[in-house]
Amino acid sequence: MEEGIIVTPVSKDGLASDVSNYHPISLTSVVCKNMQRATVQQLLKYLHSNDFINTQQRVFLTRKSTTSNLLETINDWNLAISAQDGISAAYIDFTNAFDSVSHAKLFQKSTDMV
């Protein structure tokens, strides 16, 4: 028996009547979520043991967040300003990156893999 992917719309900020204010969330089974968790744990264990994770890494790590990144960045900027060093910064906003993915192609690719 082939199971389909269940996708549910989740509202972003803005008018609920505007279709562009929603992003899709794929709902998966408990077995799938447990497999994902086990895979992530094994992958992180391997990456940590081989020193492949930079100390500046924030995404997907426990006790690391954008808040801790911001606090560390502000501290670094304060140190640079105190030492009269220059500061260059570039921030990229990937907020709508997932919205630009063709969900039909993504679904087709996932069914091709089965």
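What percentage of the 114 residues of the protein count as buried? In this predicted model, the share that counts as buried is 5%.

## Overall architecture

The protein contains 3 helices and 2 strands. Read from the N terminus, these elements follow the order β-β-α-α-α. Strand β1 covers residues 6-11 and strand β2 covers residues 22-27. The helices are α1, at residues 30-49, α2, at residues 66-82, and α3, at residues 103-112.

Contacts across longer stretches of sequence can be stated as a share. When contacts between residues at least 6 apart in sequence are considered, 14% of them join residues at least 24 apart.

## The strands and the loop between them

Asn21 belongs to the loop between β1 and β2. Its relative accessibility is 14%, and Asn21 is therefore classed as buried, since the class requires a value under 20%. The side chain of Asn21 comes to 2.9 Å from the backbone oxygen of Leu15. Leu15 also appears among the residues that Asn21 touches once those up to four places away in sequence are set aside; the full set is Val10, Ser11, Lys12, Asp13, Gly14 and Leu15.

Leu27 is part of strand β2. With a relative accessible area of 44%, Leu27 is partly exposed. Apart from neighbours within four places in sequence, Leu27 has contacts with Ile6 and Thr8. For the pair Leu27 and Thr8, the C-alpha to C-alpha distance is 7.2 Å, at a sequence separation of 19 residues.

## The aromatic pair and Asp51

How many aromatic pairs does a search of the whole structure find? The search returns 1 aromatic pair. Its members are Tyr46 and Phe52, with ring centres 5.9 Å apart and an angle of 40° between the planes, so the pair is classed as tilted, a class that lies between the limits of 30 and 60 degrees. The two partners fall into separate accessibility classes: Tyr46 is partly exposed at 47% relative accessibility, whereas Phe52 is exposed at 53%, the boundary being 50%.

Asp51 is located in the loop between α1 and α2. Although Asp51 is not a glycine, its phi is positive, at about 55°. Asp51 counts as exposed because its relative accessibility is 68%.

## Thr73 and the second largest pocket

Thr73 lies in helix α2. Is Thr73 buried or exposed? Its relative accessibility is 13%, and on that basis Thr73 counts as buried. The side chain of Thr73 reaches 2.8 Å from the backbone oxygen of Asn69. Between Thr73 and Ala89 the C-alpha to C-alpha distance is 10.0 Å, and 16 residues separate them in sequence.

The second largest pocket has a volume of about 410 Å³. It is lined by 15 residues, and those closest to its centre are Thr66, Asn69, Thr73, Ala90 and Tyr91. Thr73 and Asn69, joined by the side-chain to backbone approach described above, are thus both listed among the residues closest to the pocket centre. By residue class, the lining comprises 7 nonpolar, 7 polar and 1 charged.

## The loop between α2 and α3

Gln84 is placed in the loop between α2 and α3. Its phi is near 55°, a positive value in a residue other than glycine. The relative accessible area of Gln84 is 74%, and Gln84 is accordingly exposed.

Asp51 and Gln84 can be set side by side. For Asp51 the positive phi is about 55°, and for Gln84 the value is near 55°. Asp51 is exposed at 68% relative accessibility, and Gln84 is exposed at 74%.

How values were computed
Residues numbered from 1 in each chain as written. Predicted model: local features only at pLDDT ≥ 70, side-chain atom pairs only at ≥ 80, totals over all residues. Heavy atoms only, no water. Helix = DSSP H or I, 4+ residues; strand = E, 2+ residues; numbered from the N terminus. Buried < 20%, exposed > 50% of the residue type's maximum accessible area, 1.4 Å probe, protein only. Polar contact = N/O pair within 3.5 Å; in protein donor to acceptor, adjacent residues only side chain to side chain. 1 Å grid on protein atoms, 1.4 Å probe; cavity = no way out; pocket = protein on both sides within 12 Å on 5 of 7 lines; lining within 4 Å. Points joined across faces, edges and corners; volume = space filled by probe spheres on them. Nonpolar A, V, L, I, M, F, W, Y, C, P; charged D, E, K, R; others polar. Phe/Tyr/Trp six-rings, centres within 6.5 Å; stacked < 30°, edge-to-face > 60°. Contact = heavy atoms within 4.5 Å.
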